[in-house]
Amino acid sequence: MAPEHQFLTANDVAETLKVDVRVVWSLLKSGELRGFQVGGRKMWRIEASALEDYIARQYERTARDTEVSAPREPQSTPTAD
């Protein structure tokens, strides 16, 4: 038996991510989010697992960027007594 796929529309993904559908189209066209076109120009399908992968990568990227840009605690300078 073939594996069962769950597909989402660009509108579904936009709703899940709470963004405009144009953002989703941009992610698809850039390849950041995996999907494929069916039929017309704006008829995209995104596998649910591809969306989960994208979200996981964004969490990792955010954590990496936060580590790099997090302000450091000031180091205490020795005082002469």
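These questions and answers go through a predicted model, its helix contact, its core and three of its residues.

Q: What makes a residue or an atom pair count in this model?
A: The model is predicted, so local features need pLDDT of at least 70, side-chain atom pairs count only at pLDDT 80 or more, and totals for chains, interfaces and linings use all residues. Residues are numbered from 1 along each chain as its sequence is written, and side-chain values use heavy atoms, with hydrogens and water left out.

Q: What makes up the pattern of the chain?
A: The chain holds three helices and three strands. Read along the sequence, they follow β-α-α-β-β-α. Helices (H or I, at least four residues) and strands (E, at least two) are DSSP runs, numbered from the N terminus.

Q: Why is H1 called roughly perpendicular to H2?
A: The axes of H1 (residues 10-17) and H2 (residues 21-30) come within 8 Å and cross at roughly 110°. Roughly perpendicular covers 65 to 115 degrees; under 35 is roughly parallel, over 145 roughly antiparallel, and the rest oblique. The crossing angle therefore makes H1 roughly perpendicular to H2. Axes are lines fitted to C-alpha atoms, for helices over the stretch in contact, and angles run from 0 to 180 degrees between N-to-C directions.

Q: Which residues make the contact of H1 with H2?
A: H1 gives Ala10, Asn11, Val13 and Ala14, and H2 gives Val21, Val24 and Trp25. Contact means heavy atoms within 4.5 Å. The residues divide into six nonpolar, one polar and no charged. Here Ala, Val, Leu, Ile, Met, Phe, Trp, Tyr, Cys and Pro count as nonpolar, Asp, Glu, Lys and Arg as charged, and the others, Gly among them, as polar.

Q: Why is valine 13 called buried?
A: Buried means under 20% relative accessible area, exposed over 50%, and partly exposed in between (1.4 Å probe, protein chains only). Valine 13 has a relative accessible area of 0%, so this residue is buried. Valine 13 lies in helix H1. Leaving aside neighbours within four places in sequence, valine 13 touches Leu8, Val24, Leu33, Ile46 and Leu51. The C-alpha atoms of valine 13 and arginine 45 are separated by 9.5 Å, though 32 residues apart along the chain.

Q: What makes up the largest nonpolar core?
A: This core has 16 residues. Such a core is a set of buried Ala, Val, Leu, Ile, Met, Phe, Trp, Tyr and Cys residues joined through side-chain atoms within 4.5 Å. Those with the most contacts inside the core are Val13, Val24, Trp25, Leu28, Leu33 and Ile46. H1, H2, strand E3 (44-47) and helix H3 (48-69) each give two or more residues. The largest share, five residues, comes from H2.

Q: Is tyrosine 54 buried or exposed, and how do you know?
A: Tyrosine 54 has a relative accessible area of 9%, so this residue is buried. Tyrosine 54 is found in helix H3. Not counting residues up to four places away in sequence, tyrosine 54 touches Leu17, Leu27, Glu32 and Leu33. Glutamate 32 is 22 residues from tyrosine 54 in sequence and 7.3 Å away in space, C-alpha to C-alpha.

Q: Why does arginine 22 count as exposed?
A: Arginine 22 has 58% relative accessibility, and therefore counts as exposed. Its place is in helix H2.

Q: How many of the 81 residues count as buried?
A: The buried share is 20% of the chain.
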